[in-house]
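I opened this model to look up its pockets, its nonpolar cores, one helix and a couple of single residues. My entries are below, in the order in which I made them.

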Amino acid sequence: MEELKSLMGEYMHDEDKVKLAGITDETDFVADLNMDSIDMVDVVIKAENKYGIQIKNETISKLNTVGKCLDVMQERLAERGL
Amino acid sequence: MNRVVITGLGVVAPNGINVPSFTHAIRHGISGVHFLQELKDHAMGCCVAGFPKEFDDSILKKYLSPGAFKSLRSTTVKYAMAAAIEAWTNAGLYINQNNSDPDTGCIFGNGVCDVNHMRYAIEMFDKLEVQKLGVRHIEQLMTSGSSGFIGGLFGLSNQVTANSSACSTGTEAVVMAYEKIKSGNAKRMVAGSCEANSMYIWGVFDAMRVLNRNHNDNPVAASRPMSIDSAGFVPGSGAGALVLEDLETALQRNATIYAEVISGFVNSGGQRNGGSMTAPSPAGVKTCIETTIKKSGIHPREIDLVCGHLTGTAADKMEIANWAAALDRRGEDFPFINTLKSLTGHCISATGSIECVAAVLQMHHDFIQPNINCEKVQPEILDVIAEKCIVRGPMDIIINTVIKANFGFGDVNSCVLFKKFTQ
């Protein structure tokens, strides 16, 4: 979660970063954090590169909340035995 | 038909990165041409260029999302946005974050995307790292990248597009915007054009042997339109932006009116009768100028100032002959004439819009920008027009009507007539 927050923070307006402290699994990247949806794709790509995982295109487009994003990343990491 | 006026100006030019500094530079003949070691290191013959040396892209930070700003690589887009933001705020307009505006559009052209940025993307691809490239590249590399960014920033929902017609691009954008408003299809348009600093683009002109190689040790003297010892143009970059508006809308909101656009025309010489991919057909040029004047309803004798294309190549003398024939004015009867390029170099696809901004500023503030580096004029030019028509020093004089034209590869021409606004 903390690493995801750090990645997301790079794409958020300074005045919105305070919201990172209170995020939950249900937090929506666009509606709640005022992020641009295309930037979430960048966040996923960075996570892929960092952890050596691959997330399918059709899955990426569904990752609209923090919880969904974390679930998919943990699944992929588990597949790699991490 | 609606009357069309100019209510906002913005510029990122080699000799001024906003309207106040640009106005000062053109009034006093200050050059923005510099030596570039990078060009020498890459075996270019011409090692000087006109580019906005002092430009700082941090001014864009507050207008973009953090992701968009962080990923912004394209100088084309950066210059375009900075010029457009200045024109928009200069016009007294604000950015509505909630609603889009169906009456306002944007035509912002360029010749090619920022090739340095394209090279970065190609290198990533060739290193088999395309998957690490990230998501925000095509929005900057597409031809309509600049107009797309500008449209999104201001919430424009009339036509938002990019034109491309080589060195004619900027003036063509202004004419297209003028026609859009005149015909009632928009109330307001942001018009302009941009060109990145790119040795890759400048290098292909150098390979054509059309750039000046004789003044690498004296950059300010390198751009020499109309001069007897001109030896090619100096490449450049930047962006110009104008807000065009229908008169009624401008008056309703008490906007400052810099000028009225009273006519404009765009054509091609068809690459026949002396015209080619790289040379303008004299007949095409004359038709473009004559049609612009005819459509305006004014007499050519009413024109106070010609802001020419005039690059510093062998084509200068032909251009002067074409102007004289189209205006049917010669010798001492010819109007004053100048070219911004002696101060900026040739900003390629940005040149038309930057020069339109310069033309409007000269009329608004009643001065003529000097042609520097033209101590001795080509004799063929003096066979057609009197030397006094070529302004060499700062000149304060009432200017009521300015004609501006640009000509581009592909044998394409654009011409626009600006008049001081009166009710």
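What follows are my notes on a predicted model.

**Entry 1: largest pocket**

I began with the open space. The largest pocket holds about 640 Å³. I listed 21 residues in its lining, and those nearest the centre are B:Tyr63, B:Leu64, B:Ser65, B:Gly152 and B:Leu153. Which element gives the most to this lining? Helix α7 of chain B, residues 145-154, does so with five residues. I sorted the lining of the largest pocket by class and got nine polar, eight nonpolar and four charged residues.

**Entry 2: second largest pocket**

I then turned to the second largest pocket, at about 490 Å³. Its lining has 26 residues, with B:Thr278, B:Pro280, B:Thr313, B:Ala315 and B:Phe409 closest to the centre. By class I found 15 nonpolar, eight polar and three charged residues in the lining of the second largest pocket. In chain B, α11 (282-296), α12 (316-327) and β13 (401-408) each supply at least two of the lining residues. The largest share is that of α12(B), with four residues, and I took this helix next.

**Entry 3: helix α12(B)**

I checked the length of the helix against expectation. α12(B) has 12 residues and spans 17 Å from first C-alpha to last, close to the 16 Å expected at 1.5 Å a residue. Which of its residues are buried? I noted B:Asp316, B:Glu319, B:Ile320, B:Asn322, B:Trp323, B:Ala324, B:Ala326 and B:Leu327. The cover over these buried residues includes α11, β9 (305-307), β10 (336-338), α15 (379-382) and β13 of chain B. Of these covering elements, α11 and β13 had already come up in the lining of the second largest pocket. Just after α12(B), I found B:Asp328 with a positive phi of about 55°.

**Entry 4: nonpolar cores**

I looked up the cores next. The largest nonpolar core counts 45 residues, and B:Ile6, B:Leu9, B:Phe22, B:Leu242, B:Leu244 and B:Phe418 have the most contacts inside it. Helix α14 of chain B, residues 351-365, provides the largest share of this core, eight residues. I followed B:Ile6 outward, leaving aside residues up to four places away in sequence, and its contacts include B:Leu242, B:Leu244 and B:Phe418. B:Ile6 also touches B:Val243, B:Thr256, B:Ile257, B:Tyr258, B:Ala259, B:Val261 and B:Val360. A second, separate core has 31 residues, among them B:Val77, B:Ala80, B:Ile85 and B:Ala239.

**Entry 5: two single residues**

Is B:Thr23 buried or exposed? I put B:Thr23 down as buried because its relative accessibility is 11%, and the cut-off for buried is under 20%. B:Thr23 sits in helix α1 of chain B, residues 19-28. Not counting residues up to four places away in sequence, B:Thr23 touches B:Leu361, B:His365 and B:Phe367.

I set B:Ser164 beside it. B:Ser164 has a relative accessible area of 44%, so I entered it as partly exposed. B:Ser164 is in the loop of chain B between β5 (160-161) and α8 (169-182). With residues up to four places away in sequence left out, I found B:Ser164 touching B:Asn110, B:Gly111, B:Thr169 and B:Glu172. I also took the C-alpha separation of B:Ser164 and B:Ser193: it is 8.9 Å, with their positions 29 residues apart along the chain.

Notes:
Residues numbered from 1 in each chain as written. Chains lettered and ligands numbered in written order. Predicted model: local features only at pLDDT ≥ 70, side-chain atom pairs only at ≥ 80, totals over all residues. Heavy atoms only, no water. 1 Å grid on protein atoms, 1.4 Å probe; cavity = no way out; pocket = protein on both sides within 12 Å on 5 of 7 lines; lining within 4 Å. Points joined across faces, edges and corners; volume = space filled by probe spheres on them. Nonpolar A, V, L, I, M, F, W, Y, C, P; charged D, E, K, R; others polar. Core = buried A, V, L, I, M, F, W, Y, C linked by side-chain atoms within 4.5 Å. Buried < 20%, exposed > 50% of the residue type's maximum accessible area, 1.4 Å probe, protein only. Contact = heavy atoms within 4.5 Å. Expected span 1.5 Å × (residues − 1).
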